[in-house]
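Open your viewer and get ready to click along. We will go from stop to stop, with something to select at each one.

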Amino acid sequence: MAQPVQLLVGTRKGAWIYRSDDARQTWQVQGPIFLGAIIHHLVPDPRAPGVLLMAASTGHLGPTIYRSEDGGQTWTEAARPPAFPKAEDPAAGRAVDHTFWLEPGHADEPGVWWAGTSPPALFESRDGGKSWDSVAGFNDNPMYPAWCPPEAGTPDGALLNQVKIDPRDPTHMYLATSTGGVFESTDRAKSWRPLNQNVEASFLPDPYPEFGQDAHYIALAPTNPDRLWQQNHCGIYRLDRPGERWARIGEAMPREIGDIGFTIVPHPTCAETAWVFPMDGTEVWPRVSPGGRPAVYRTRDAGLSWERQDQGFPAEQGWFTVKRQAFCADAAAPAGLYLGTTGGELWASGDEGGSWRQVAAHLPEIYSVVAAPL
């Protein structure tokens, strides 16, 4: 049944929280929070009701993490936000430009959080986000210079843009990066290996390298963590473990739409179903909806076919797109879908994408949307 939900929205100029009624039809808004600051990610702690963590870039403090214990009413800055250890040779030192992704630790590890940054790096907190330590298994790996070359990355910088943990095993982890693709660890981040077989990198001399891909987004099917979905710079993919070879399921998308985008959202209870929000990836990569006609596409057969869902979206002249962290689902039945656009609009569907309506408009460019139960 439907249930109230809160949407945690990070934007280029602050954060907002939208809370729904039981039917997810009317919304109350809290915010702006930290108006003027860049909010990369705003995430609830599913193990601690009322606790929120926020990755922010502020003019006077630079990149930092904030923590709230009262649902966003008050905030405390991390005593020690993510930062690289001081290098013996200053010329070889690295500095965190911003924290991009926040991931709560495993359900059996209360207080543990993981963070991905730019330049690509992994950090861990064991005290609820108050202090953070560099994870040497990735950040100091001998292969790091090859996996994360400084000249590679996105217009906003190179990213470690996701951390995913197997819900059955806290030692089994995945990373998505904009420089090396997907990586896997089976020893709780002590060591890593690339997981990119059959994923294209059309911008490299070898289009199918061991690493070097730009993994825009990865997701584990909630009811089958052995199924991984990926929206890559070069297409939509699915991997069923213990397999090693990704299948390009985006080849089933309509040719005039293509399979380029920033994010992929798995269904909360059906491992065969996922949604994507395509963007125009032709020629100059304008990063807009194809043809100015925005739509979500859904597969219900693990990527063998896709159906267009555009009811409620502009029929023409809708030139927005959706960034990596700005498309999500809740866990209700039917599932609610939520997306934030580069044009500052917040959209919601209460019927699994069948129809869409605008929840908010005129916000700053939206960077992230996270849905959580109230």
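**First stop: a tryptophan in a loop**

Select Trp285: at 17% relative accessibility this residue counts as buried, because the cut-off for buried is under 20%. Keep in mind as you look around that this is a predicted model. Trp285 sits in the loop between strand 20 and strand 21 (296-299). Now check its backbone: phi of Trp285 is near 50°, a positive value in a residue other than glycine. Most residues other than glycine have a negative phi.

**A second positive phi**

Next, select Arg188, in the loop between strand 14 (181-185) and strand 15 (193-194). Arg188 is not a glycine, yet its phi is positive, at about 60°. Is Arg188 buried or exposed? With 15% relative accessibility, Arg188 counts as buried.

**Two cis peptide bonds**

Most peptide bonds are trans. Zoom in on Gly31 and Pro32, which are joined by a cis peptide bond with omega of about 10°. Pro32 belongs to strand 3 (residues 27-33). Then move to Ser118 and Pro119, where a cis peptide bond has omega of about -5°. Pro119 is found in the loop between strand 9 (113-118) and strand 10 (121-125).

**Into strand 20**

Select residues 274-278, which make up strand 20, and pick out Val276 within that strand. Val276 has 1% relative accessibility and therefore counts as buried. Which residues does Val276 touch, leaving aside those up to four places away in sequence? They are Gln231, Ile236, Met253, Thr263, Ile264, Ala295, Val296, Tyr297, Trp306 and Phe327. Showing these side chains together with Val276 gives you a view of its surroundings. For a distance to draw, try Val276 to Gly212: they are 64 residues apart along the chain, and their C-alpha atoms are separated by 23 Å.

**A buried threonine**

Move on to Thr341, in the loop between strand 24 (337-340) and strand 25 (346-349). Its relative accessibility is 0%, so Thr341 counts as buried. Not counting residues up to four places away in sequence, Thr341 touches Phe320, Thr321, Trp347, Glu365 and Ile366.

**The cysteines**

How many disulfides does a search of the whole structure find? The result is 0. Select Cys270, which is in no disulfide: the nearest cysteine sulfur belongs to Cys328 and is 18 Å away. Cys270 counts as partly exposed, with 28% relative accessibility, whereas Cys328 counts as buried, at 10%.

**Zoom out**

Finally, show the whole chain as a cartoon. You will see 2 helices and 27 strands. The radius of gyration is 19 Å, close to the 21 Å that the globule rule gives for 374 residues, so the chain is as compact as a globular protein of that length. Rotate the C-alpha trace and you can follow its span of about 55 × 50 × 40 Å along the principal axes. Of the 374 residues, 59% count as buried. Among the contacts with a separation of 6 or more, 49% are between residues 24 or more positions apart.

Switch to a surface view to end the tour. The chain exposes about 15,100 Å², with carbon and sulfur atoms supplying 52% of that area. If you color by charge, there are 30 positive and 44 negative charges to find, and their mean positions are 1 Å apart.

Terms used
Residues numbered from 1 in each chain as written. Predicted model: local features only at pLDDT ≥ 70, side-chain atom pairs only at ≥ 80, totals over all residues. Heavy atoms only, no water. Helix = DSSP H or I, 4+ residues; strand = E, 2+ residues; numbered from the N terminus. Rg over C-alpha atoms; globule rule 2.2 N^0.38 Å. Buried < 20%, exposed > 50% of the residue type's maximum accessible area, 1.4 Å probe, protein only. Contact = heavy atoms within 4.5 Å. Areas by Shrake-Rupley, 256 points an atom, 1.4 Å probe, with all protein chains shown as cover. Lys, Arg positive; Asp, Glu negative; His and termini not counted. Charge placed at Lys NZ, Arg CZ, Asp CG, Glu CD. Disulfide = S-S within 2.5 Å.
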